[in-house]
Amino acid sequence: MTYTSVFVLWAVIGYFLGSIPFGLVLTRLAGYGDIRKIGSGNIGATNVLRTGNKTLALLTVILDAFKAGFAAYLAYHLAPDAEYYFLNNGTQVNILASLIAGVCGILGHMFPIWLKFKGGKGISSALGLLLVTYWQVGLVALGIWVFMAFVFRYSSLSALTAALLVPFVTFLLAPPIYVYFYSFVVLLVIFKHRSNIKRLIKGEESKISFKKKA
């Protein structure tokens with residue numbers, strides 16, 4: 001098998017792992033019906049939290065992060081450990097396969113084939129990728145999100161702030177190959193949050209609420 005075939009294989013595996021709609025499955029199993037008919041209609045953890053079930057929302061975060069992270073983990077440990085050059089930067093086949101699998105896991109979450117390519121916004125999955133492929137960057141991003149969420153109570157603003165700072169943090173801490181892939185993820189996150197950005201500008205964005213739904 002050529003290295004190109006290895007990368008394609010892990011891209012496919014990552015996509016289909018990422019396309020599992022845990023938010024939708026969990027809310028249906030818990031008796032809340034179709035999460036796409038609640039709140040923003042998103043299948044991610046923030047919208048799951050709007051059911052009032054914090055445990056379910058936390059489980060959605062963990063499983064959505066697990067999808068991309070697990071794909072990256074598998075690729076890193078199963079792909080060949082050989083030198084490889086990507087965009088004139090030296091790296092290893094398993095590192096590149098890991099990043100490809102993780103990014104495609106995020107794409108699967110955002111654009112799942114099972115839901116007519118209408119999925120989540122990728123924040124939990126992106127965090128999973130960061131924590132598995134370069135945990136230092138992942139912890140910084142998580143810290144930024146928590147700080148922004150605690151101070152401003154806007155999930156989207158917290159996510160966008162963390163995402164926009166990730167390339168700069170990565171540039172300081174990690175090799176160039178991580179900057180390339182993480183920057184692509186940031187563009188995806190901004191694209192999926194375009195409606196949130198409009199609501200933030202208009203002052204119409206909903207704040208994070210931890211109150212139990214009546």
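1. In this predicted model, the side chains of D34 and R36 meet in a salt bridge, with 2.9 Å from N to O. The two partners are covered to unlike degrees by the cut-offs applied here: D34 has 14% relative accessibility and therefore counts as buried, while R36, at 34%, counts as partly exposed.

2. D34 has a further partner, since its side chain also meets that of R28 in a salt bridge, for which the N to O distance is 3.5 Å. R28 is assigned to the partly exposed class because its relative accessibility is 46%, and buried would require a value under 20%.

3. Another pairing to look at is that of R199 with E205, whose side chains form a salt bridge at 2.8 Å, again taken from N to O. Here the acidic residue, E205, counts as buried because its relative accessibility is 11%, whereas R199, with 28%, counts as partly exposed. Returning to the pairings described above, salt bridges that share partners join R28, D34 and R36 into one network.

4. As for the total, the count comes to 4 salt bridges by the distance rule used, in which a side-chain nitrogen of Lys or Arg must lie within 4 Å of a carboxyl oxygen of Asp or Glu. Among them are the bridge between R28 and D34, the one between D34 and R36, and the one between R199 and E205. As general background, side chains of opposite charge can pair when their charged atoms come close.

5. On helix packing, the pair to examine is α8, which spans residues 155–173, and α10, which spans residues 194–202; their axes come within 10 Å and cross at roughly 115°. That angle makes α8 roughly perpendicular to α10, a class that runs from 65 to 115 degrees, so the stated value sits at its upper limit. As to handedness, the crossing in which α8 passes α10 is left-handed. R199, the partly exposed partner of E205, falls within the residue range of α10.

6. The surface also carries a nonpolar patch, formed by V8, V12, F16, I113, W114 and F117, and together these residues have about 600 Å² of accessible area. One of its members, V12, lies in helix α1, which covers residues 3–18. V12 counts as partly exposed because its relative accessibility is 43%, and this value also satisfies the requirement of over 30% relative accessible area that applies to patch residues. The positions of V8 and F16 likewise fall within the range of α1.

Notes. Residues numbered from 1 in each chain as written. Predicted model: local features only at pLDDT ≥ 70, side-chain atom pairs only at ≥ 80, totals over all residues. Heavy atoms only, no water. Patch = residues over 30% accessible without salt bridge, like charges linked within 9 Å, V, L, I, M, F, W, Y side chains within 5 Å. Areas by Shrake-Rupley, 256 points an atom, 1.4 Å probe, with all protein chains shown as cover. Helix = DSSP H or I, 4+ residues; strand = E, 2+ residues; numbered from the N terminus. Buried < 20%, exposed > 50% of the residue type's maximum accessible area, 1.4 Å probe, protein only. Axes fitted to C-alpha atoms, helices over the stretch in contact; angles between N-to-C directions. Parallel < 35°, antiparallel > 145°, perpendicular 65-115°, else oblique. Left-handed = near helix turned anticlockwise from the far one by under 90°.
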